[in-house]
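Visitor: I would like to learn how to read a structure like this one, feature by feature. Could you walk me through it?

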Amino acid sequence: MRQADGNKAPFFKNWNGWYISLIIFLVLLIVLFYLFTKRFA
Amino acid sequence: MSQVDWIVLVGTLLCIISYGLYKSRTTRNLDGYFLSNRSLPWGLVLLSIMGTQASAITFLSAPGQAYTDGMRFVQYYFGLPLAMIVICIFFVPIFSRLKVYTAYEYLENRFDSKTRTLTSFLFLLQRGLSTGISVFAPSIILSSLFGWNIYYTNILMGGLLIIYTMSGGAKAVAYTQQLQMIIIFTGMFLAAYMVVNMLPDNVSFTDALEVSGKMGKLNVITTGFENGKFNWSDQYNLFSGLIGGFFLALSYFGTDQSQVGRYLTAKSLKQSRMGLLMNGFVKVPMQFGILLIGVLVFSFYQFNKAPIFFNDVQLKKLESSVYKDSLAIATAQYETITALKQKAVVDYSAASDINDKDAKAASMSILEGLQKQSDSLRKSVKGWLASKEVGGDNNDTNYIFLRFVVDNLPIGLVGLLIAIIFLASWGSIAAAINSLASCTMIDFHRRFTKRKETGEQEYKLSKKYTLAWGIFCIIVAMFTYNVGNSLIEAVNVLGSLFYGVILGVFLVAFIFKNIKSGHVVFWGAVLAEILVLTVFILTKVGIFKMGFLWLNPIGAFGVIIFSLILNKIIPKKIALN
């Protein structure tokens, strides 16, 4: 992997932005799945 | 299969092989052959990672799993996004900085050669065997369904992909996986559309979900707690998925060369990270979608006649056994129950339309009772199949979706979905063979050969190793047929027996900078492996119950704890010698 391409995170200031977004996305999915389960149980 | 289906199937497979060969041109050295000259963008890396993880069984077994056990299997993937983050923070920058070909190469830099050799050897052993099983598992299903010869099916399943994998290495693997994933997603989407379309006119999509939900098939989130106590033997729940699934994904994506080899092909650290993070975003929704197809198939069979057992070959065996009369009675009862279920579902749907809560509850109560009866009949059939008089596979989960496809989908789509089984297999097998060849070449051949070889010679040798591993996997698949289906389950557990320990070695390497001795981590790994095997044996003999996913954290923490203890008690002079 070449370093010349840069390692700057796209769309966010740094990579932490991406990591936090992914965690929030996972939490949201679990909440949605929970509501889905409750709705049809 | 009809002629049109055959044309679609053969055409799709030929298209993939031709595309793989077309994309085969690469630099004739190890960088070109195993890492595609570290030139791929993140989109390609993402599809390659997904194509490597998703085998044929993913697309066959998951809908069947949802049909029988509901959607809770999706929780198995909850730890994956978290693992992607940890890999992006700790693993990828180190692999990138050291410009390694294999993950295990790093362990020699960090500890010593024997730690590298041990982990690489464990990888070759486990991946070589499990890839053989990956060839066999879809072959036996197709062979049972269509009466194809299992040996020829194994050769088709494991042999054709060798042509482009050997010719083009990592680049051909990545480009074909891209095309394979596009075809797979298209086919699965069409299948989902067709199931919804085949529901009766007076039954809406929501009604179908309501019925499946009431039958316990939409149990996406389960906690694993029963009567206030956590059930450790429950395989799939929120906690085992988040914790056990996290360690499994961390070891698979962080330390298994078949995956590491995919993101090492990225043109920069940024592209590797983006590929992995995007995998974290799409994997859980994708798996949810595949499981939902299984639930829709379940809904479909509430309105249509379902086979009492989905593997015809086994059913025919039962028909000629001592259980033939019992089977005839059970089948007749099953058909009667199916007819009653169809009526109950239509009643439920009608009550739902006019929002008559009492009528809805009454229909649902009847439906639940009938479902219990049909489950009980299926259980009896499985029991007879497992008896000494019949023997063989009594699990039809992997056959449910394909049986539905063959019996109900229109001409052309059947061929496409059979092609998907091949493509999904090829994607994961090609990546596995490529990684087996890279470990053999880099971790063993290069280190132990005394001859000085040019880039061209190494390239040619790598192609031979690719061919050799391809043949090895087909041979394993052939032997698997003789050993029986129990081996498939054994190999699935095999991953969890070793993955945790290998991950533990990497975690010690990344996190515990004060541990410098190869002896310490080597013996820490050996002790942790003994611990994992002991726990596994104790669960097998029934001393306590625990799902296999938990073996991953036990192995990983075992290595860390034993290494920390050994680092304290072994004198530094001995440890560093």
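**Reading a two-chain model**

Guide: Gladly. We begin with burial in chain A: of its 41 residues, 15% count as buried. Please keep in mind that this is a predicted model.

Visitor: What does the secondary structure of chain A come to?

Guide: Chain A has 1 helix and 0 strands.

Visitor: And how many helices and strands are there in chain B?

Guide: Chain B holds 22 helices and 2 strands. Buried residues account for 54% of its 577 residues.

Visitor: How do I judge the overall form of chain B?

Guide: Compare its radius of gyration with the value expected for a compact globule. For 577 residues that expectation is near 25 Å, and chain B has 25 Å, so the two agree. Along the principal axes, its C-alpha atoms fill a box of roughly 80 × 55 × 50 Å.

Visitor: What share of the contacts in chain B join residues at least 24 apart in sequence?

Guide: If you take contacts between residues at least 6 apart, 85% of them join residues at least 24 apart.

Visitor: Now the meeting of the two chains. How is an interface described?

Guide: The size of an interface is often given as the accessible area lost when the parts come together. Here we can count residues instead: 21 residues of chain A are in contact with 25 residues of chain B. The chain A side of that contact divides into 14 nonpolar, 4 polar and 3 charged residues.

Visitor: Which residues of chain A does I85(B) contact?

Guide: Leaving aside neighbours within four places in sequence, I85(B) is in contact with Y19(A) and L22(A). I85(B) sits in helix 5 (residues 79-98) of chain B.

Visitor: Why does I85(B) count as buried?

Guide: Burial is judged by counting C-beta atoms around a residue, and the cut-off is 20 or more others within 10 Å. I85(B) has 22, so it is buried. There is also a long-range pairing to look at: I85(B) and G280(B) are 195 residues apart in sequence and 8.2 Å apart in space, C-alpha to C-alpha.

Visitor: Is I94(B), also in helix 5 of chain B, buried or partly exposed?

Guide: I94(B) has 16 C-beta neighbours inside 10 Å, so it counts as partly exposed. Beyond its sequence neighbours within four places, I94(B) contacts Y106(B) and F510(B). Separation along the chain can also go with distance in space: I94(B) and I308(B) are 214 residues apart along the chain, with their C-alpha atoms separated by 53 Å.

Visitor: Which residues have the most contacts inside the largest nonpolar core?

Guide: That core has 187 residues, and the ones with the most contacts inside it are L291(B), V297(B) and V505(B). Its largest share, 21 residues, comes from helix 17 (residues 413-448) of chain B. To see one of these centres, take V505(B): not counting residues up to four places away, it touches L107(B), T115(B), T119(B), V521(B), A525(B) and V559(B).

Visitor: Could you show me a residue of helix 17?

Guide: A437(B) is found in helix 17 of chain B. It is buried, because 28 other C-beta atoms lie within 10 Å. Apart from neighbours within four places in sequence, A437(B) is in contact with S462(B), Y465(B), T466(B) and W469(B).

Visitor: How do I check the length of a helix?

Guide: Multiply out the rise and compare it with the end-to-end distance. Helix 14 (residues 324-353) of chain B has 30 residues, so at 1.5 Å a residue it should span 44 Å; its end C-alpha atoms are 43 Å apart, which agrees.

Visitor: What do the buried residues of helix 14 of chain B pack against?

Guide: They pack against helix 9 (205-214), helix 12 (269-303) and helix 15 (357-386) of chain B. Among these buried residues are A330(B), Y334(B), K341(B) and Y348(B).

Visitor: Last topic: where should I look for positive phi angles?

Guide: Look at the loops as well as the ends of helices. Helix 14 of chain B is followed by N355(B), whose phi is positive, near 55 degrees. N37(B), not a glycine, has a positive phi of about 55 degrees and is found in the loop between helix 2 (30-35) and helix 3 (42-53) of chain B. K99(B), also not a glycine, has a positive phi of about 50 degrees, and its place is the loop between helix 5 and helix 6 (105-110) of chain B. With 14 C-beta neighbours inside 10 Å, K99(B) counts as partly exposed.

Note on methods:
Residues are numbered from 1 along each chain as its sequence is written. Chains are lettered from A and ligands numbered from 1 in the order in which they are written. This is a predicted model: local features need pLDDT of at least 70, side-chain atom pairs count only at pLDDT 80 or more; totals for chains, interfaces and linings use all residues. A nonpolar core is a set of buried Ala, Val, Leu, Ile, Met, Phe, Trp, Tyr and Cys residues joined through C-beta atoms within 7 Å. A residue is buried if 20 or more other C-beta atoms lie within 10 Å of its own, exposed if 12 or fewer, and partly exposed in between; C-beta atoms are placed from the backbone. Helices (H or I, at least four residues) and strands (E, at least two) are DSSP runs, numbered from the N terminus. Two residues are in contact if their C-beta atoms, placed from the backbone, lie within 7 Å. Ala, Val, Leu, Ile, Met, Phe, Trp, Tyr, Cys and Pro count as nonpolar, Asp, Glu, Lys and Arg as charged, and the others, Gly among them, as polar. The expected span of a helix is 1.5 Å times one less than its number of residues. The radius of gyration is taken over C-alpha atoms; the globule rule is 2.2 Å times the number of residues to the power 0.38.
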